Every structure is written in C-alpha cells, then in structure tokens.
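Please open the model in your viewer and keep the selection tool at hand. The tour below goes from one selection to the next and says what is to be found at each stop.

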Amino acid sequence: MTPMTENDIAEYLIQNPEFFERHAEILASVRLFGGHGARAASLQERQAQLLREKIKQHEQRIMEMIRYGNENVAIANRLHQWTCEVLAAHEPANLPEQVRLGLQEHFFVPQTAIRLWKVKPDYASQPFAGPVSDELKQFALTLDEPYMGVNPEPELLKWLDAPTEVRSVALVPLKTRKSMHAPAECFGMLVFASPDSQRFNAAMGVDFLERIATLCVASLSRLIALD
C-alpha cells in the first residue's frame with residue numbers, strides 16, 4: 001500500500017471542506033510555530049495575526065495614496081498659480097525671465113535657465129536670445145520628450161549661475177509647428193539643474209515636464225519668427 005503523503009492530505013481537505021465541520025475540535029487543537037517567536041499559536045490566533053498584518057498593509061497603502069494625492073494637489077496649485085502669473089504678463093520681452101523664475105520659485109528648483117533662438121528682431125538683444133551652437137540646436141530638435149539625468153551637453157552649463165554644482169538636469173525642448181501637418185521646429189530649451197544627483201533621473205516620468213513645455217510654448221511663441 002502506497003503511504004499517504006502531505007499532498008494527499010491537502011488534496012483530501014480541499015475536496016472535503018466539511019471535514020472541519022465534523023471535527024471542529026481539531027482546529028482548536030492545531031498549534032502553529034512561527035510569527036510569535038518560540039511560542040506556539042493556535043490556528044485561529046495565526047489567522048487573526050495574518051488578518052491584522054493585511055489590515056496594517058492596507059492602512060499603509062491608504063496613507064501613501066492620501067500623501068500622493070495631497071502632493072499632487074499641491075503641485076497642481078503651484079502650476080495653476082504659475083500659469084496665471086504668465087498669462088497676466090503684459091510685456092513680451094519679460095516673459096522668458098518670468099517663466100524661468102516662476103518655475104524655479106514655485107517648484108523649488110535650485111537653478112534654471114532658458115534660451116530661445118529664431119526670435120523676432122525686436123528681441124534679438126535680450127539675454128534669453130544669447131548664442132546657441134548649431135550642435136545644441138540639433139540636439140534639442142532630436143529630443144522627442146524632456147530629458148532627465150546627467151547633463152549630456154556641457155554648453156548648457158554655461159547658461160547657469162553655478163555650473164560646478166550641477167549633478168542632474170532636466171532639459172525641456174520648446175517645439176512648435178507652423179501648421180498641423182508641418183514638422184516640429186525647436187525654438188528654445190528650458191533647463192532645470194540640481195546639486196542632487198537623484199533630483200532628475202531617467203527613471204522619472206516626463207508627463208509633468210511635457211505639460212510645462214506646452215504652456216511655455218503657448219506663452220513664448222509670440223517672441224518667435226519661424227521660417
């Protein structure tokens with residue numbers, strides 16, 4: 001006769017759940033070790049402990065969701081305030097600096113910079129229209145979305161007040177189209193920089209930065225003379 005195995009017992013209990021109804025005293029007498037140090041616990045105690053642990057995990061997840069929700073509301077409020085400030089600006093020549101400083105202050109970015117090219121003649125002498133190499137313009141054009149990580153273009157560091165302190169950057173290309181079917185044209189770059197190497201890293205999502213780019217393009221395109 002083939003001896004009964006643990007799998008046979010488990011299968012029998014699964015197929016015959018009424019077994020414990022007929023023998024309820026067995027459940028009360030079962031003692032489990034583990035989770036309570038050296039003390040043995042009844043099956044009911046062990047189940048209660050597991051339930052408490054699951055409840056605690058759910059509570060932690062709920063608290064995390066609340067925290068993330070509060071953070072998202074705070075970010076949305078700051079974005080709304082910045083957008084209102086940009087919309088209220090009257091002098092186009094002041095817009096790039098207002099955009100840059102507003103983002104730096106509202107979102108607590110240590111350093112920011114902005115450069116525009118293809119600007120209208122009236123704004124060609126402004127600081128934001130300073131020289132930009134053709135290589136950097138081409139690099140900006142090749143970015144299909146904002147870039148985050150280590151700075152790949154040393155030229156960008158020259159735009160910042162403290163370039164030696166930079167450990168991570170977010171690069172936001174500013175692109176527009178003359179028409180719906182025309183190819184995208186890049187007319188500028190917005191730079192966020194931090195001394196924290198993890199402030200901007202490649203694992204982060206770029207949805208928020210893409211929204212920033214859209215708002216920047218909408219406000220700054222009045223300064224641009226596209227070919």
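Begin by selecting strand E6, residues 185-194, in this predicted model. Here 10 of the 10 residues are buried, so E6 is largely enclosed by the rest of the structure. For comparison with the chain as a whole, 35% of the 227 residues count as buried.

Now add the strands beside E6, and ask in which order the strands of this sheet lie. The sheet is an open one of 4 strands, and its order is E3-E6-E5-E4, with antiparallel pairing. Strand E3 (111-116) and strand E4 (147-149) stand at the edges, and because each has a single partner strand, one side of each is left without a neighbour in the sheet. If you look from one strand to the next, the twist averages 15 degrees.

With the sheet still selected, turn to the pairings made by E6. Strand E5, residues 168-176, pairs with E6 in the antiparallel sense, and 9 bridges join the two. To follow this pairing residue by residue, select Ser168, whose bridge partner in E6 is Ser194, and then Ala170, whose bridge partner in E6 is Phe192. On the E3 side, 6 bridges join E3 to E6, again in an antiparallel arrangement, and here Thr112 stands opposite Phe192.

Return to E5 and E6, which pair over 9 bridges, and bring in the helices that pack on the sheet. Helix H6 (residues 134-142) touches E5 and E6, and its direction makes about 80 degrees with that of E5. Helix H8 (residues 207-220) also packs on the sheet, touching E3, E4, E5 and E6, and the direction of H8 makes about 45 degrees with that of E5.

Keep H8 in view and go on to the largest pocket, in which about 370 Å³ of space lies. Its lining is made up of 17 residues, and those to select for its centre are Met148, Arg199, Phe200, Phe208 and Leu209, which lie nearest to that point. Which element gives the most to this lining? The answer is H8, with 4 residues, while helix H4 (43-88) and H8 each supply at least two residues. If you colour the lining of the largest pocket by class, you will find 13 nonpolar, 1 polar and 3 charged residues.

The next stop is the second largest pocket, with a volume of about 280 Å³. Of the 18 residues that line it, select Glu97, Arg100, Ala113, Ile114 and Pro127, which lie nearest its centre. Helix H5 (95-106) and E3 are the elements that give two or more residues to this lining, and E3 gives the most, with 5 residues. By class, the lining of the second largest pocket has 9 nonpolar, 5 polar and 4 charged residues.

Finally, clear the selection and show the chain as a cartoon. Its secondary structure comes to 8 helices and 6 strands, and if you trace the elements from the N terminus on, they run α-α-α-β-β-α-α-β-α-β-α-β-β-α. Among the contacts in the chain with a separation of 6 or more, 60% are between residues 24 or more positions apart.

Note on methods: Residues numbered from 1 in each chain as written. Predicted model: local features only at pLDDT ≥ 70, side-chain atom pairs only at ≥ 80, totals over all residues. Heavy atoms only, no water. Pairing = 2+ DSSP bridges. Axes fitted to C-alpha atoms, helices over the stretch in contact; angles between N-to-C directions. Contact = heavy atoms within 4.5 Å. 1 Å grid on protein atoms, 1.4 Å probe; cavity = no way out; pocket = protein on both sides within 12 Å on 5 of 7 lines; lining within 4 Å. Points joined across faces, edges and corners; volume = space filled by probe spheres on them. Nonpolar A, V, L, I, M, F, W, Y, C, P; charged D, E, K, R; others polar. Buried < 20%, exposed > 50% of the residue type's maximum accessible area, 1.4 Å probe, protein only.
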